[in-house]
Amino acid sequence: MNKILVTGGCGYIGVHTLVDLIENGYDVISADNNSRSSDTILESVEMITGKKVKNYKVDLCIYDDTFAIFQENPDISGIIHFAAYKSVGESVKKPLLYFENNLNSLINILKCADEFGISNFVFSSSCTVYGNPDSIPVTEESPMKTAQSAYGATKQMGEQIVREAVNCNSSKAILLRYFNPVGAHPSTLLGELPLGKPENLVPAITQTAIGKLPMMQVFGTDYPTRDGSCLRDYIHVCDIAHAHTLAFNYLLEHKDEANCEVFNLGTGNGYTVLELINEFEKMSGVKLNYRLGPRRPGDVIAIYANNDKAKNVLGWNPKYNLGDMMATAWKWELKLKDDENIFNTKNAGLN
Ligand code: WQD
């Protein structure tokens, strides 16, 4: 059975990918320092799949600790590298934190992959590598414009680092450019768990709707889009997860083809912020408390994917529509609220 090391395995996309890999016959281990996640989420992976996943609570920016994972697991046949900070807004405020964390961890993982002769590598890239594209939808051949945030820059540099690394040791890599991952696992056992105030749109919507946040802001309504708010390609996290399984199947089946392949992971449909809010209100019946605010530095104006290559080459077919994305995200938020109420009730008598 092929063993895959999933770095950032306790994160939002990582944990959904663990489930998909296990359901498709892969053996998995996780490496996640839990600085922005919790390894208790792996209990949910076990509830869904019946498999207990080991997490190495390691800062991948520390080479020796990263190396030790590979020493203990000489049977790793491939790596999926998610571990990175991923907030566009935060990266504009803290660029050096993003360059240090996202690039040092990647370089250490690639050095270990080379050291241990691991030649199958999937890199978590992002549509932010396109910057503000001249035309949309973007294909994998669309030019990389200037990154609009340090986060996007770490993904542009990350892709280049992976290309150079696999070219020089003739290993193989797939770069998956995610558009906007949203939603939650249909079981409602997995979902997005933002630490503190959510940076991303969909958790900001669901937390406002459930009353965790008093109000949310629409960052900018003067953009050159159909309603003035930014346009994005929202893609269900389970569709993103399954693309990783297909990417590994592809690497294992195409051992001697091109070193480094790139794929866009988006639905091919673009929706604005205001359209997403309307979709949520329609699905949930909840009137959202939001105000129209100023632009957020680092935001791309409009982008959505041409996903033909992933469909034709990987056989990837995203199956969740926008309604599913909003419904699963909302169900997850409701479940978190129920869990919190149960916890408070159980502990009420203890105070
Ligand atoms: C979307 C839109 C905000 C919050 C994400 C990931 C990044 C990458 C690309 C994978 C923007 C607006 C947001 C709010 C708002 N994906 N917004 N009010 O910036 O596109 O980046 O997708 O690698 O990792 O983070 O997503 O959800 O932050 O913002 O108006 O309270 O929603 O301005 O226009 P973004 P986002």
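User: Why is His 244 called buried?

Analyst: The word has a cut-off: a residue is buried under 20% relative accessible area, exposed over 50% and partly exposed in between, using a 1.4 Å probe and the protein chains only. His 244 has a relative accessible area of 0%, which is under 20%, so it is buried. You can find His 244 in helix H8, residues 237–253.

A word on where this comes from: the model is predicted, so local features need pLDDT of at least 70 and side-chain atom pairs count only at pLDDT 80 or more, while totals for chains, interfaces and linings use all residues. Residues are numbered from 1 along each chain as its sequence is written, and side-chain values use heavy atoms, leaving out hydrogens and water.

User: What makes the pair of His 244 and Tyr 178 a polar contact?

Analyst: A polar contact needs a pair of N or O atoms within 3.5 Å; within protein, one must be able to donate a hydrogen and the other to accept it, and residues adjacent in sequence count only if both atoms are side-chain atoms. The side chains of His 244 and Tyr 178 are 2.6 Å apart at this contact. That value is within 3.5 Å, so the name fits.

User: How do you know that Glu 90 and Arg 36 form a salt bridge?

Analyst: The test is a side-chain nitrogen of Lys or Arg within 4 Å of a carboxyl oxygen of Asp or Glu. Here the N to O distance is 2.7 Å, so the pair passes. Glu 90 lies in helix H4 (88–93), and Arg 36 in the loop between strand E2 (27–31) and helix H2 (41–49), so this salt bridge ties together parts that are 54 residues apart in sequence. Those labels follow DSSP runs: helices are H or I with at least four residues, strands are E with at least two, and both are numbered from the N terminus. As background, side chains of opposite charge can pair when their charged atoms come close. The structure holds 16 salt bridges.

User: Which of these two partners is buried and which is partly exposed?

Analyst: Glu 90 has 13% relative accessibility and counts as buried, whereas Arg 36, at 37%, is partly exposed.

User: What makes the link between Lys 309 and Glu 261 a salt bridge?

Analyst: Their side chains meet at 3.0 Å, N to O, and that is within the 4 Å limit. Lys 309 sits in helix H10 (308–314) and Glu 261 in strand E11 (260–265), 48 residues apart, so the pair links distant parts of the chain. Lys 309 is partly exposed at 22%, while Glu 261 is buried at 17%. Salt bridges that share partners also join Arg 36, Glu 90 and Lys 94 into one network.

User: How do you know which residues surround the ligand?

Analyst: A residue is near a molecule if one of its heavy atoms lies within 4 Å of it. By that rule 22 residues surround the ligand, with Tyr 151, Leu 201, Gln 217, Arg 232 and Asp 299 the closest. Among the polar partners, a side-chain atom of Arg 296 lies 2.8 Å from a ligand oxygen, and a backbone atom of Phe 219 is 2.9 Å from a ligand oxygen. Strand E7 (180–182), helix H7 (201–210) and strand E8 (216–219) each give two or more residues to the shell. E8 gives the most, with four residues.

User: Why is the chain called as compact as a globular protein of its length?

Analyst: Let's start with its parts: the chain has 11 helices and 13 strands. Its radius of gyration is 20 Å, close to the 20 Å that the globule rule gives for 351 residues, so the description holds. That radius is taken over C-alpha atoms, and the rule is 2.2 Å times the number of residues to the power 0.38. Of the 351 residues, 56% count as buried.

User: What makes the phi of Asn 34 worth a look?

Analyst: Most residues other than glycine have a negative phi, and most peptide bonds are trans. Asn 34 is not a glycine, and its phi is near 55 degrees, a positive value. Asn 34 is found in the loop between E2 and H2 and, at 12%, counts as buried. Thr 188 also has a positive phi, about 60 degrees. For the peptide bond, look at Ile 136 and Pro 137: a cis bond joins them, with omega about 5 degrees.
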